[in-house]
Structures are given as structure tokens and as C-alpha cells.
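Please open the structure in your viewer and keep the selection panel at hand, since each stop on this tour begins with something to select.

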Amino acid sequence: MDKNVMIEIENLTKKYDDVIAVDHLNLDIYEGEIFGLLGPNGAGKTTTILILLGLTEPTAGNATINGYNTTKEPIHVKKIVGYLPDNVGFYEDMTARENLRFTGRLNNLNEKEIESRIDSLLERVKLVDVGDRKVATYSRGMKQRLGIADTLMKNPKVIILDEPTIGLDPAGINEMLELIEELAREDNRTVLISSHQLYQIQKICDRVGIFVNGKLLAEGPIHTLGEKVFEDQPLTLELNVEPIDDKLVSLIQSISEDVNISIDDHEKIFIKSNNDIRTPLLRILSDNDYSVLFLKQRGRDLDDIYSRYFAGEE
Amino acid sequence: MSRNSLLVLYKKELADHLRSKRFVILLLLIAVTGLASIYSAASGIREAVSQEENDFVFLRLFTASGNSIPSFISFVSLLGPLVGLALGFDSINGEFNRGTMSRLLAQPIHRDSVINGKFLAGILVISIMVFSLGIVVGAIGILMIGIPPTLEEIFRLLSFFVVTIFYMSIWLAISQLFSLLFKQSATSALASIAMWLFLSIFVGLLAGVVANVIFPIDNASTIDMQLKNSNLELMLNRLSPTTLFSEATICLLNPGVRTLSIITVDRLIGAIPGALPFTQSMLLIWPHLVSLIALNMICFAISYIIFMRREIRA
């Protein structure tokens, strides 16, 4: 890729006593892309984010954002990075505007700038009508949107969102994702989203990384991930043809030496092999007048990633 | 840059305190008790003045107790800790519990501005309280007894106010420390109250017990033993800020006090009874002032170190 690297993580390691939260993580995130850091709870996603913000010190390795070392120059980093923590909280007895104004002042913006940003951001996250209401009266989804506005107050180059869709209803999730996508694409910001909700998040990500037990198992565009994660495991094809007879088995066997065929009670045929035999299989079946009702490659797609690492998390 | 963020945080904390119901309740409580004690002291002051020779009539307003109502200084000594504790017990853990801490620290500010801003704002609130109450009470005193304070009395009163601020801010520092050590605001409030009761009541009881164990006194004990016993008791008592405060205020508001330790009768022979000048009273309580300030700094320094090293997990 010829894009600029915005976030660079090298050999990042964080140990808590005996537990390794982040284990030699290497990752580059490019300017203007949406990167999804996906992993089950407790995988070390939040720890990684806190290191990126300079709020936690790594045990080893280092990370830079836009060239600034996150441990040594946290103030520079925090000037250009907007962060939405999971379970974001606001000062409940202040209004949305007052909360945003406070953030603006902490970022050393002048008062005029602050007011105009508040107006445009509230507009953007659709909270204009309730901007003068106390945050205590806000719903979960409204708070989350206010959180987005809050991260944008400093007009950041990079936005880091920790579990932005957690606790939202389906409509709220879609709204949130649209908002995130819009603010990355229109303003060319780099967005890092951490989540355990693989299905929702991958929709808007350019690339994702599967992060389990402190290790990055694979990263890349979502459709290439299955291959990477399950590289060294046999492929399973799920096949349903008509008719099923004895000749079928020997036909399939003739394609390659190392296939393993089994047929279950529902007349589904499972073919295990080490390489992709879909093309020769289909040719041989059609040549012999079998009609293929169903063919699916198992073990390398999102479903399998999901069931292997994420099941039982939600 | 960092000075600016400290100022922003300081202003916000100040506004929070002044707008909170907690502050109003505390102010009312202190004002009502203070006014009641001044009123009852002023009603009885005419007889007191005619009975004995006393140049410092105005100061007697603050030290004299009426028929059933304790004196102003004993109220301040009793309720002062409450003010400090109430202002600080949830200052840090409240921020964590509301989920605002990680958002706050993700702004380009130095981490210590948060705790510095909170402590300074607390001290300013205490100062506003002490000075406004002191001035109101003094003014009412002038109206009631018709005698204006002399210059020396004004100096003594102002010093008394400053000592009171140091005293209350120790409790602020203690409760802020507890708000760092305990995650729940309720726990830190209880711990602070326990500390208050221990230091203002139990230290006195324990000091007597410990002194009697180390230097037992019976009918046959020598004067030397008795002196050692009471000196030890006094020193142990002085570990508590309450004792330091009451000794310091007694010296400041009652110029007749010439010593704070035990002296034998023979040392008084030839002494001319009379009031100490202001500077001599100050000299007498200088160690107390230093201790009060040191206690503030120690408590704050411990909180500062803990806060700077604390892992910021959302």
C-alpha cells in the first residue's frame, strides 16, 4: 500500500503480573481507513487502546500515532486522537452543550470556535433539539452519539472507538455505524474500532484484525481472513447432490488422493481435503449428470471465525 | 498549555461545588450553628466583661460559650472536618464510576492537572466558606455588642481563619485520598467518617491509655513520672489534627494563653499575668501551623502519587 501509516504498533507487549494482556502485537493502520480490532472480551483490546492513548505504559515495544510516541509524547498524541471509551460517561447534571464546551476548553480552543463546533456537531449527531437538556435525561443511544460529538470536538485525525455499539438496539447500531462511516469517509479520518460484535462492525471496516488472547491472529480485508486464520486446517466441503449412489464416492475419490468422504443421515456429503477441490469436483459431477443442490465450503468463512472465537460472548 | 488545562479543570470543579446541593447544605449547617453560638456568646458577654478584666472583648465572641450552646470555635472544630470530608469523598472515584475519567484523561492535559484542580478548587470553596462566614459572624457580633475589634484582634481573627482553612483542607485531602483508595463512593465516605471519629475522639482516649501503660501513675509516683505521663499523652494527642487545631485556635483567640504544655507551679513564680502580643502567640503555635500544613502536603502527596500511577481502566 502506498498510503501513509497513521498508527504504527511494534512488538507491543503488556503484562499484568502473570497475565499477558497484549503479546508482541505488530500492526500498521493507514491514514483514512476504518480498522476493526475484533476479538472476544478480555482479548486485550482495551489495553491496546489505553497504550495508544498513553494512559497505560507498555511492558515492551512501542506505538506511534502520526509519528508521536504514545508513551513519551502523550499530550501530542491526545491532541490528534479522539477517544470514545466503552460505557462513556458524561457529567449528568450538565447539559450536552456544557459537556462539549468543557471538552473544547480542555483542548484549548477559543470560545468562538467552541460554540460553532458544538452547533455543527450536535447537528451532525442529531441532538440539536436536546442539546440544552441535562445529560441525565439522555437514553443510552443519545449518550453514545453525544460521545461521538465529544470525540470530534478536537477535530481529530484519528478516532478510537471502544465498543461503540454495545448496549444499543438494532436501529441505534445502524445509526451509529453510519455515523462512524460518514465521519471517516467525508473527513478522511483514521478510525480504529474495537468490538466483540464481529458481524456488525465488519460491515463498515476496510480491514479488520482478529485479536484473541493478546495476539493478532490475522488482519486484512474481511473476506481474506478465513484463509489466514484457518490456513493449516483441512477444508471441509458440504455437498448435497442428486442422486446419491455408490459411483459418486469413487468419482470424488478419483479427484485427489487425500480426500475423506462421509455421508450423514440427511444425505449431506462432507468432503475433507487439504486443498481446494471445488472446481474439479463440480466439473466431474456435471460431466456425470449429477445435479448439485448445495455446495458450501466450511471452515474458512466468517461464521467459522465467529463460532470458533466469539461464540457465547454476546 | 498545562496551566490552561489546570485552570479549566479548576473552574469546572469550583462551579460543580458551588452549584451542588451538598455545598448549600453544609453552608446552612455551619451558618446556623455559627450564628447561634455567636448570638448566645454575645448575650452573655456583658456580664463576662464586667466581671473580669479583659481587653479582648471581641475575640471572646468566638471563644465564649453561652448557657447551652458551645462556643464558635468548638463548632468549627467539630463541623470543619465534615466540610472537608463532604467536599472530597467522591472526587476521584465518582469520576471513575460515572465513566468520565477516561474521557477526561483522553484530552490533551497532564494527568496531574485533574487531581491538582480538584484539590485547589476544594481549598478555594473552603476558603470562601470560612471567610464569608467569619465576616458575617464578626459583623453580627459588632452589631450586637457594639464594640469594634482592635487591629490586633483583626490580625488574630484573620490568622484564625487561615488556620481553619488549613484544618479543613486536611480533611479534604484525607477524603480525596480515600476516594482514590476505594472504588465505591459510599465506602470512601464511611472510611472518611471513621477516620474523623478516630482522630477527633478515639485518639484522645487512646493517648491516655498508652501514656498510663508506659508511665503508670499511682499515689506514690514522682512528679517526674507524672510530667512524663502527661507530656506523652499530649504528644500523642497532637498526632490528631483536631488537637493541633484547637491548641492553635486557643492561642490565637485567647492572648492570655502563655504555654501549651504542662508547667510546674514554681516556674510561674514571679510571672506577671498579662496578654501575649500577637507575634508571641504566633511563635507559640508555629509548630502547630507547620504540622497542619505538613499533614496537608503528606496526604495530598500520597494521593498524587497513587493517582499518577493508577491504571486507567474504563
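Which residues of the largest nonpolar core touch the most other members? Keep in mind throughout that this is a predicted model, and begin by selecting A:Leu53, A:Ala149, A:Ile160, A:Ile193, B:Leu61, B:Ile126 and B:Ile170, which are the residues that touch the most other members of this core of 131 residues. The element that gives the most to this core is α9(B), with 15 residues. A second core, separate from that one, has seven residues, and A:Leu237, A:Leu239, A:Ile252 and A:Ile271 are included in it.

Stay with A:Leu53 for a moment and show what surrounds it. Leaving aside residues up to four places away in sequence, A:Leu53 touches A:Thr70, A:Val77, A:Lys78, A:Val81 and A:Tyr83, and it also touches B:Ala106.

Now select chain B by itself. Chain B holds 14 helices and zero strands, so-called α elements that follow one another from the N terminus on as α-α-α-α-α-α-α-α-α-α-α-α-α-α. If you turn the C-alpha trace of chain B along its principal axes, its span is about 70 × 50 × 35 Å. Of the 314 residues in chain B, 38% are buried. Consider also the contacts in chain B between residues at least 6 apart in sequence: 80% of these join residues at least 24 apart.

Within chain B, select residues 151–181, which form helix α9. This helix has 31 residues, and the distance from its first C-alpha to its last is 45 Å, close to the 45 Å expected at 1.5 Å a residue. Why can α9(B) be described as largely enclosed by the rest of the structure? The reason is that 23 of its 31 residues are buried.

Next, show both chains and look at where they touch. Here 18 residues of chain B are in contact with 25 residues of chain A. On the side of chain B that touches chain A, α1 (2–19) and α7 (101–105) each supply at least two residues, and α1(B) gives the most, with four residues. If you colour the residues on this side of chain B by type, you will find eight nonpolar, six polar and four charged.

For the last stop, move to chain A and select its open sheet, in which four strands lie in the order β12-β13-β11-β14 with antiparallel pairing. Because β12 (260–263) and β14 of chain A stand at the edges and each have a single partner strand, one side of each is left without a neighbour in the sheet. From one strand to the next, the twist averages 20 degrees.

Then select strand β11 (residues 235–242) of chain A together with strand β13 (residues 269–273) of chain A; the two run antiparallel and are joined by five bridges. To trace this pairing, find A:Thr236, whose bridge partner in β13(A) is A:Lys272, and then A:Leu239, whose bridge partner in β13(A) is A:Ile269. Finally, add strand β14 (residues 291–298) of chain A, which pairs with β11(A) in the antiparallel sense over seven bridges. On that side, A:Asn240 has A:Phe294 as its bridge partner in β14(A).

Key
Residues numbered from 1 in each chain as written. Chains lettered and ligands numbered in written order. Predicted model: local features only at pLDDT ≥ 70, side-chain atom pairs only at ≥ 80, totals over all residues. Expected span 1.5 Å × (residues − 1). Buried ≥ 20, exposed ≤ 12 C-beta atoms within 10 Å, placed from the backbone. Pairing = 2+ DSSP bridges. Contact = placed C-beta atoms within 7 Å. Axes fitted to C-alpha atoms, helices over the stretch in contact; angles between N-to-C directions. Nonpolar A, V, L, I, M, F, W, Y, C, P; charged D, E, K, R; others polar. Core = buried A, V, L, I, M, F, W, Y, C linked by C-beta atoms within 7 Å.
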